[in-house]
Amino acid sequence: MVERKSIHGEWSSRLTFILAATGSAVGLGNIWRFPYVAGENGGGAFVLVYLLCVAVIGLPIMIAEILVGRRGRQNPMDSIRTLAEDDGRSLHWQWVGLMGVITGVLILSFYCMVGGWALAYVAYAVQGSFIDIESADAEGLLGRLFADPWALLFWHTVFMGMILTVTTRGVEGGLERAAKYLMPSLFAIMLLMVGYGMSSGDFDGALAFLFRPNFAALTLEGVLVAMGQAFFSLSLGMGAIMIYGSYLPSRTSISGSAVAIAAADTAVALIAGLAIFPVVFANGLDAGEGPGLIFVTLPLAFSKMPLGEVFATLFFVLLVFAAWTSAISLIEPAVTWLVERQGLPRVGASWVAGGVIWVLGIASVLSLNVWSDVTVRGMTIFGLLDYLTNNIMLPLGGMAVAVFAGWVLSRRTTAEELSDDSPLWYGLWRFLVRYIAPAAVGVVLLTKLLGLA
Ligand code: PHE
């Protein structure tokens, strides 16, 4: 058994790891992004492809990432390099880790801004801005926020400040505690909202939309987006889960943890869909409305609910927390990389990474207003960043990790890390990670790239 130690510490138990990794996975991706991309891509068939991607691509890659992280016990770049060295393979595999660091930085630049939207909505909820509003008011509220670069920048900055207060302190303190209490509360309040959708919204319409596959509505683009969403939602393809794996105590089952994390993440996404679409259909809103979807829909639901202001405040506070625990994991690869590779102290590394990301985020902020006509193929800077990172970079990074774990690492190495699993389960994992996951990602990316469909 190879026993290394992470200089950043270790999770206090397997459960904390599961909670923290779930905290990373469950975030804006589930509550903000899943409903709107499902809405834009026609619902049912998209959801089905998404679920398939989670099971046959996401899960095996998640296991691979945890395994590499736990054995390497460093930032993604050095964990991969160390494992390649152990097995006598090319050290160039480490560049996959560096790409992950870069992907995380790019994602967090706009993720931080969207976290800022959630913060702004906490303020609105507290001020009672959702009382007695109609669709047009809800749209107006969001429109005014988007049109105001200074307000967006302010909330973007506050959210970055929140990220830095945790990352400067390291793993155990802030991170663990946040995950332990906040995740379950979020889950509870979301169930409550589903209950509201059932009693007052078009629940049947939502069920049909999400779960009755209409393959005519599914395009190749939709398949790509579903796959990208699976990577994004599960925090895969850029080293976030790998980093969390590097803090995992040695004697804990990896596969069991991965299944729990993926299941919780998927459940939250589906519940978010069930909370939002009944309101969308009951109020004649457009399911394909785009990134503003939940920020228009939910205030409307709250405006009609008894005690709506209280629930609205609670909900947006919890959304901020969910985004926070994810954002921390998006910056962690960059921070550990700066500490271990560049020799910076943790605090300095956090400020450097945070500063770069904050500056990059300004481009997304401005793309909603001042630069809204700067577009590439119809996408604003924010849209383009989201598209490139989620649909291209994460799948590529994930595919590389799958190939690394399945083909490059020796069977002995992976079997040793997954020794808690039955031979059958290990065989299934190895088959998926060697053949199915890389091939599926490759086929989708290539057909898209070559414009074959
Ligand atoms: N999974 C997070 C979410 O759904 C986002 C994320 C992506 C976090 C990649 C870490 C790495 O919001």
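Student: Is Ser-303 buried or exposed, and what is its relative accessible area?

Tutor: Bear in mind that this is a predicted model. A residue counts as buried under 20% relative accessible area, and Ser-303, with a relative accessible area of 15%, is therefore buried. Ser-303 belongs to helix H13, which covers residues 293-304, and its side chain reaches the backbone oxygen of Leu-300 at 2.9 Å.

Student: Which helix holds Leu-298, and what is the relative accessible area of Leu-298?

Tutor: Leu-298 is found in helix H13, and with a relative accessible area of 1% Leu-298 is buried. Separation along the chain can be set beside separation in space: Leu-298 and Lys-5 are 293 residues apart in sequence, and their C-alpha atoms are 45 Å apart.

Student: How far apart in space are the C-alpha atoms of Thr-414 and Arg-71?

Tutor: The C-alpha atoms of Thr-414 and Arg-71 are separated by 9.5 Å, although the two residues are 343 residues apart along the chain. Thr-414 lies in helix H17, residues 411-417, and counts as buried at 0% relative accessibility. Another pair to inspect is Phe-34 and Tyr-50, which are 16 residues apart in sequence and 9.7 Å apart in space, again C-alpha to C-alpha. Phe-34 lies in helix H2 and is buried, with a relative accessible area of 0%.

Student: How should I read the sign of phi, and what is the value for Arg-73?

Tutor: Most residues other than glycine have a negative phi. Arg-73 has a phi near 55 degrees, a positive value in a residue other than glycine. Arg-73 lies in the loop between helix H3 (44-72) and helix H4 (76-86), and is buried, with a relative accessible area of 2%.

Student: Where does Asp-132 lie, and is Asp-132 buried or exposed?

Tutor: Asp-132 lies in the loop between helix H5 (94-127) and helix H6 (135-146). The cut-off for exposed is over 50% relative accessible area, so Asp-132, at 66%, is exposed. The phi of Asp-132 is positive, at about 55 degrees, although Asp-132 is not a glycine.

Student: Turning to the ligand, which residues come nearest?

Tutor: There are 15 residues around the ligand, and of these Ala-25, Gly-29, Tyr-111, Phe-232 and Ser-235 come nearest. In terms of residue class, the shell around the ligand divides into seven nonpolar, eight polar and no charged residues.

Student: Which atoms of Gly-29, Phe-232 and Ser-235 should I examine beside the ligand?

Tutor: For a pair of N or O atoms, the cut-off for a polar contact is within 3.5 Å. A backbone N or O atom of Gly-29 lies 2.8 Å from an oxygen atom of the ligand, while a backbone N or O atom of Phe-232 lies 2.7 Å from a nitrogen atom of the ligand. From Ser-235, by contrast, a polar side-chain atom lies 3.0 Å from a nitrogen atom of the ligand.

Student: How much of the area that the ligand exposes when taken alone does the protein bury?

Tutor: Taken alone, the ligand exposes 320 Å², and the protein buries 100% of that. The space that the ligand takes is the largest cavity.

Student: Which elements give two or more residues to the shell around the ligand?

Tutor: Helix H1 (14-25), helix H2 (28-40), helix H10 (220-233) and helix H14 (308-342) are the elements that give two or more residues to that shell. Helix H2 is also where Phe-34 lies.

Key. Residues numbered from 1 in each chain as written. Predicted model: local features only at pLDDT ≥ 70, side-chain atom pairs only at ≥ 80, totals over all residues. Heavy atoms only, no water. Near = heavy atom within 4 Å. Polar contact = N/O pair within 3.5 Å; in protein donor to acceptor, adjacent residues only side chain to side chain. Areas by Shrake-Rupley, 256 points an atom, 1.4 Å probe, with all protein chains shown as cover. 1 Å grid on protein atoms, 1.4 Å probe; cavity = no way out; pocket = protein on both sides within 12 Å on 5 of 7 lines; lining within 4 Å. Sits in = over half its atoms within 2 Å of the grid points. Helix = DSSP H or I, 4+ residues; strand = E, 2+ residues; numbered from the N terminus. Nonpolar A, V, L, I, M, F, W, Y, C, P; charged D, E, K, R; others polar. Buried < 20%, exposed > 50% of the residue type's maximum accessible area, 1.4 Å probe, protein only.
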